[in-house]
Amino acid sequence: MDKKFLELSHPDNTVGYKIFDALIELDHDFGSGNDLQHNTKTNQVFRGKKYHDYKDELIQALDDINEKTKVEIAKTDDLAVSLTFYQTNIKQNNRQTKDLDNMEKPTLDAMQVALGFDDAQITDKSSHKRTNFSRALHVTIWKV
């Protein structure tokens, strides 16, 4: 699928300097930090296929966007992150939707790989679940 994204307006400096803003349509369902598998023969715990499918798709989409935006994040930068998960479920407050905190883990893991930062640099984070006609993720990052 050709990833569609929307580069939104320039920073309003409410939290710092906006360095990245993208709306990404996704084929795969959002991964979950709870997607853990256990191999009883080796006693190893590992992330499942759904987790990796989502993470890999998001890394590719973020890489494609970053080729155009060329965001640079130094190891000393403090970051603020906003994530909005657009799901196709009409109601977002029941067991048929993923928990917000569980969707954050694979998303932040993918962002670190694609954009080159450590999630320890995130000093402020907000996350939201919303209903939409298609599955998408809105990511905004500020240097604070």
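**Entry 1, strand pairing.** I began with Y86 and found that this residue stands opposite R130 in strand β5; I note at once that I am reading a predicted model. Going outward from that pair, I saw that β4 and β5, the latter covering residues 122-131, pair in the parallel sense over nine bridges.

I then turned to strand β6, residues 136-143, and recorded that eight bridges join β6 to β4, with the two strands running antiparallel. Within that pairing I looked up F85, which stands opposite L137 in β6.

**Entry 2, burial of β4.** Is strand β4 mostly covered or mostly open? I checked residues 79-87 and found that eight of the nine residues of β4 are buried.

**Entry 3, the loop before β4.** I followed the chain back to K70, which lies in the loop between α1 (49-69) and β4. The backbone at K70 caught my attention, since this residue has a positive phi of about 55° although it is not a glycine. I also looked up its surface and noted that K70 counts as exposed because its relative accessibility is 56%, where the cut-off for exposed is over 50%.

**Entry 4, confidence.** Before relying on any of this, I looked up the mean pLDDT of the protein chain, which is 82, with 76% of the residues reaching 70 or more. Which elements have the lowest and the highest mean pLDDT? I found strand β2 (residues 36-39) lowest at 61 and β6 highest at 96. For residues 1-14 I wrote down that pLDDT stays under 50, and that the model has 25 contacts beyond four places in sequence for this stretch.

Key: Residues are numbered from 1 along each chain as its sequence is written. This is a predicted model: local features need pLDDT of at least 70, side-chain atom pairs count only at pLDDT 80 or more; totals for chains, interfaces and linings use all residues. Side-chain values use heavy atoms; hydrogens and water are left out. Buried means under 20% relative accessible area, exposed over 50%, partly exposed in between (1.4 Å probe, protein chains only). Helices (H or I, at least four residues) and strands (E, at least two) are DSSP runs, numbered from the N terminus. Two strands pair if DSSP finds at least two bridges between them. pLDDT is the predictor's confidence in each residue, from 0 to 100. Contact means heavy atoms within 4.5 Å.
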